[in-house]
Amino acid sequence: MHRVRLSVADLSIPQISGSGQCFRLNRIAGDRYALVAFGRYLELEQHGDETDFFCTQEEYETVWRQYFDLENDYACYRSAVEERDIYLAHAVSFGSGIRILRQDVWETLISFIISQQNNIKRIKKCIETLCERYGEKRPVAADRCGGFYYTFPDAAALAGTSEAELRACGLGYRSRYIVETAKSVCSNKVDLEAVKKMDLRAAKYELMKLCGVGEKVADCICLFGLHHMDAFPVDTHIRKVMDEHYPAGFPYERYSGCAGVMQQYIFYYDLCGQTKM
DNA sequence: GCTCAGGTGGTTC
DNA sequence: GAACCACCTGAG
């Protein structure tokens, strides 16, 4: 079995998995994780600072290196943290293996519509069901564990469903948002290829034309699907931290170019860090 | 039973 | 504009 072994201190699959930016990266056993992205299936293992990618060198270089944003130097982002900001320093130290994934825009869009008023466990289950029913079934290479995986359904597949069908997937009131959004994307009423070329402000405004996409979801799509590193999604966790630790406002200007990375460190720390300050 | 989970859309003033 | 409130669903 092909394997690419990396020794990168600031890459941690468990942390990325726990940071909730990707709902299709899951622990399958012990240190072993499985991911489905861009129609491909990948298994990974984390042992301390070492990460094993179970794929060929070529696949790693053409697909996964970009996906995990390994060309970017995150130590640089972390060193930008102001020393006196004890809370952020702790958050960054706690989640130092987090990276902002370069995910597919369409998948990010639907995933974060589903995420509203929802918990991570159920979000994952909803997406899994959606993929099983409307995605494409593909075999996992025989030299790995075998079995099957499902790709994320494209816009046409979801535009062809109905609100009732999606409700049967357990999506609740979000079903209408998804059908309407799929139709808007399918008909190019909102052109995702064009959105990819826009700057943060324009992309966010364009995405908010879609049904079920408000400011928070639009920011998530900009950060996780368009890699606009200044996007700063404010949800209930971040709102709480802002009130507690940044009553005078978060210093966005200081973190220009990486505010979104700081958001992820804070989010993960608030969600998974034991020592709440 | 009730609240909560990574909000948004619609109505009302 | 800001302040409500309804909205699916399953876990604790």
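Modeller: Ala, Val, Leu, Ile, Met, Phe, Trp, Tyr, Cys and Pro count here as nonpolar, Asp, Glu, Lys and Arg as charged, and the others, Gly among them, as polar. Keep in mind, too, that this is a predicted model.

Colleague: Thanks! With those classes, how do the residues of the surface near DNA strand B divide?

Modeller: DNA strand B is surrounded by 22 residues, and the closest are G20, Q116, G214, K216 and V217. In that closest group, G20, Q116 and G214 fall in the polar class, K216 in the charged one and V217 in the nonpolar one. The whole surface near strand B divides into seven nonpolar, three charged and 12 polar residues.

Colleague: Which helix gives the most to the surface near DNA strand B?

Modeller: Two helices each supply at least two residues of that surface, α12 (215-224) and α13 (236-245). With four residues, the one that gives the most is α12.

Colleague: And DNA strand C: how many charged residues does the surface near it have?

Modeller: Strand C is surrounded by Q117, R122, R167, G170, G172 and Y173. Going by class, R122 and R167 are charged, while Q117, G170 and G172 are polar and Y173 is nonpolar. The division is therefore one nonpolar, three polar and, for the charged class, two.

Colleague: Q117 caught my eye there. Is Q117 buried or exposed?

Modeller: Q117 is found in the loop between α5 (105-114) and α6 (120-134). Its phi is near 45°, a positive value in a residue other than glycine. A residue counts as exposed if 12 or fewer other C-beta atoms lie within 10 Å of its own. Q117 has 8 such atoms, so it is exposed.

Colleague: Where is N188 found?

Modeller: N188 also has a positive phi in a residue other than glycine, near 65°. It counts as exposed because it has 11 C-beta neighbours inside 10 Å. As for its place, N188 is found in the loop between α9 (174-186) and α10 (192-197).

Colleague: Back to α5, then. Which helices do the buried residues of α5 pack against?

Modeller: Nine of the 10 residues of α5 are buried, so this helix is largely enclosed by the rest of the structure. Among the buried ones are V105, E107, L109, F112 and I114. The helices they pack against are α6, α9, α10 and α12.

Colleague: How is α4 oriented to α14, roughly parallel or roughly perpendicular?

Modeller: Helix α4 (residues 86-94) and helix α14 (residues 259-272) pack with their axes 8 Å apart, at an angle of about 85°. Angles of 65 to 115 degrees count as roughly perpendicular. That makes the orientation of α4 to α14 roughly perpendicular.

Colleague: How many nonpolar residues does the contact of α4 with α14 have?

Modeller: From α4 come L88, H90, A91, V92 and F94, which meet M262, Y265, I266 and Y269 in α14. H90 falls in the polar class. By class, the contact has no charged residues, one polar, and a nonpolar count of eight.

Colleague: Last one, on chain A as a whole: what is its radius of gyration?

Modeller: The secondary structure of chain A comes to 14 helices and seven strands. For 277 residues the globule rule gives 19 Å, and chain A comes close to it, so it is as compact as a globular protein of that length. Its C-alpha atoms fill a box of roughly 55 × 45 × 35 Å along the principal axes, and 39% of its residues count as buried. The radius of gyration of chain A is 19 Å.

Methods
Residues numbered from 1 in each chain as written. Chains lettered and ligands numbered in written order. Predicted model: local features only at pLDDT ≥ 70, side-chain atom pairs only at ≥ 80, totals over all residues. Near = placed C-beta within 6 Å. Axes fitted to C-alpha atoms, helices over the stretch in contact; angles between N-to-C directions. Parallel < 35°, antiparallel > 145°, perpendicular 65-115°, else oblique. Contact = placed C-beta atoms within 7 Å. Rg over C-alpha atoms; globule rule 2.2 N^0.38 Å. Buried ≥ 20, exposed ≤ 12 C-beta atoms within 10 Å, placed from the backbone.
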